[in-house]
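Got your viewer open and a selection tool at hand? Let's take a walk through a few stops, one selection at a time.

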Amino acid sequence: DLINLEIHERRRIISPGVLYGYGRNPREELAVSNDGSYVAVMGEHTGFTLVKVQDACENTCEVVMANTAAFTPAFNFAFHPVFDSSGKRMTFYTASFGQGTRRVEINQEGYAKRELSYLALGDSFSSGEGEIDDWYYRPGTNNDHERCHSSIRSYPFLLAARLGISSSSVQSVACAGARMVDIISDGSLYEGQSNRLGLAGLGLSKLEQEVLRAETIDTFFPGRIHQADFLEHYYPDVVTIGVGGNDAGLMGKLKTCAMPGVCEWVSDPAYLRATAIEIQGLFERLKDFYGRLKEEASSIFYAVGYPQIIDPEGLCDPMTATLLTHEERVFVTEGIRYLNTVIKAAAESRGLIYLDIEQALDGHRLCSGTPDGMNGLRIGDDVVIHQNLPMIKLIGSETFHPTPSGHTLIANTIYQLYGDIRVRRQCVCTMISDPPEIPPYWGEMVGESRMVYSAFMSKEE
């Protein structure tokens with residue numbers, strides 16, 4: 001039944017039913033546009049019909065489209081029709097004999113795709129994981145298997161507001177834990193970030209995954225498809241990319257070090273040097289990554305660095321001082337500094353402008369005079385306290401991430417240093433062929449360093 005809520009009128013729509021030549025036991029799927037003017041009928045053993053519902057439509061409505069050869073060869077059946085909010089665009093999937101499934105999009109004549117002024121890609125430092133009130137996480141991004149922790153108070157949304165970009169023209173698909181492989185495809189089967197759609201997460205079938213991925217294009221739900229997939233659908237004017245910390249393993253090492261005592265990444269010279277080798281190794285990978293992204297769209301691309309999160313020489317609260325010794329605080333600071341150096345070099349070698357936010361939280365870091373820009377230890381249910389006790393989770397992922405106040409500082413820094421990022425400017429870039437040298441802090445190369453690095457990378461792969 002179609003119910004017009006404005007005039008409280010009900011109209012019953014009945015599909016043709018069993019049609020000769022399509023097979024037994026039809027399984028119909030119907031979709032109706034928001035204004036009730038179009039109805040799509042499809043499904044197994046059902047064929048494909050798109051009809052237009054008019055006032056004069058009583059017994060038989062006008063068939064707008066039924067020629068399946070127009071959009072797929074060797075047609076078998078179509079499924080999961082979805083109209084967008086305008087009713088002028090419909091997406092669905094088709095199954096073909098011997099050719100698998102494909103996503104199809106049909107647009108009404110004259111329909112213009114939605115365009116974005118600003119799209120943000122990246123990891124937790126872009127998604128807003130660090131929110132002090134879960135209410136501000138976008139619905140569905142703080143669930144058991146889907147913890148992208150996308151906050152509406154993250155810096156992309158705050159920066160867009162500062163630039164006067166309407167809320168309908170800005171989106172962020174950044175997701176906590178994201179790596180480069182979660183932003184752009186490497187050609188392998190992708191079942192969502194950390195395989196969240198497959199057996200390790202929601203446990204969806206291949207068909208259910210296809211359906212969910214199709215919906216994601218319209219809902220901007222992060223973590224289910226590659227973040228770069230949104231580029232070809234929405235033509236954003238500006239794209240910011242904040243990634244690299246998880247690829248370098250730096251954020252994981254920070255969590256490992258956040259325990260009483262000095263962690264091995266700091267205390268053992270071989271582990272310390274191996275950390276630097278791993279960060280340096282990102283250079284070529286980031287160059288390839290940025291180059292591939294630029295091929296996806298003609299947008300203005302910006303690479304975003306990471307803010308310093310702690311003052312090594314400052315006065316820490318008792319909990320932070322217990323979790324992170326002075327040596328570990330220096331390790332974190334030097335790690336972020338070198339990581340930013342590598343990101344900047346890789347980005348500029350591919351013609352991207354680098355947004356330097358390293359000092360954005362000055363005066364508001366942990367162990368500083370006003371540490372309101374960063375979260376210290378947050379009690380939560382995200383991180384296990386020991387690998388042998390995986391069911392016991394006491395630490396929140398928000399730990400050691402910028403607060404909403406921190407994101408405000410980051411947005412303000414970008415605006416103050418770079419102005420309107422929608423203005424295309426000349427990149428002062430250099431054709432760097434070699435990665436930045438490892439600073440003296442990280443020590444000298446020893447045989448153990450290479451062994452530690454190789455063992456660690458093998459474990460990651």
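The tour below goes from salt bridges to a helix face, then to a charged patch and a last buried stop.

Before you click, note that this is a predicted model, with local features requiring pLDDT of at least 70, side-chain atom pairs counting only at pLDDT 80 or more, and totals for chains, interfaces and linings using all residues. Residue numbers start from 1 along each chain as its sequence is written, and side-chain values use heavy atoms, with hydrogens and water left out.

**Stop 1: R89 and its partners**

Side chains of opposite charge can pair when their charged atoms come close. The structure holds 15 salt bridges (a side-chain nitrogen of Lys or Arg within 4 Å of a carboxyl oxygen of Asp or Glu). Select E105 and R89 for one of them: their side chains meet at 3.4 Å, N to O. E105 sits in strand 9 (residues 100-107) and R89 in strand 8 (residues 89-96), so this pair ties together parts 16 residues apart in sequence. Strands here are DSSP runs of E with at least two residues, helices are runs of H or I with at least four, and both are numbered from the N terminus.

Is R89 buried or exposed? R89 is buried, at 8% relative accessible area, while E105 is partly exposed at 23%. The cut-offs are under 20% for buried, over 50% for exposed and in between for partly exposed, with a 1.4 Å probe and protein chains only.

Now add D218 to the selection. R89 also makes a salt bridge with D218 (2.7 Å, N to O). That pair links distant parts of the chain, from R89 in strand 8 to D218 in helix 4 (residues 206-219), 129 residues apart. D218 is partly exposed, with a relative accessible area of 25%.

**Stop 2: D362 and R365**

Jump to D362, which forms a salt bridge with R365; the closest N and O atoms are 2.6 Å apart. D362 is partly exposed at 37% relative accessible area, whereas R365 is buried at 12%. Back at the previous stop, salt bridges with shared partners join R89, E105 and D218 into one network.

**Stop 3: helix 6**

Select residues 250-257, which make up helix 6, and colour L250, M251, K253, L254 and C257: these are buried. They cover an arc of only 160° around the axis, which puts them on the same side of helix 6; the arc is taken from the directions from the helix axis to the C-beta atoms.

K255 is in helix 6 too, but K255 is partly exposed, at 42% relative accessible area. Draw a distance from the C-alpha atom of K255 to that of T399: you should get 8.7 Å, for residues 144 apart along the chain.

**Stop 4: a negative patch**

Switch on the surface and select E232, D288, E295 and E296, which gather in a patch of negative charge there. Which helix gives the most to the negative patch? Helix 9 (residues 282-296) does, with three residues. Patch members have over 30% relative accessible area and no salt bridge, with like charges joined within 9 Å. Zoom in on E295 in helix 9; E295 is exposed, with a relative accessible area of 68%.

**Stop 5: R329**

Finish at R329 in helix 11 (residues 326-349). R329 counts as buried, at 9% relative accessibility. Its C-alpha atom is separated by 8.5 Å from that of E313, with the two residues 16 apart along the chain.

Methods. Patches are made of residues with over 30% relative accessible area and no salt bridge: like charges are joined within 9 Å, nonpolar side chains (Val, Leu, Ile, Met, Phe, Trp, Tyr) within 5 Å. Accessible areas come from the Shrake-Rupley method with a 1.4 Å probe; for residues, only the protein chains shown count as cover. Lys and Arg count as positive and Asp and Glu as negative; His and the chain ends are not counted. The place of a charge is taken as NZ of Lys, CZ of Arg, CG of Asp or CD of Glu.
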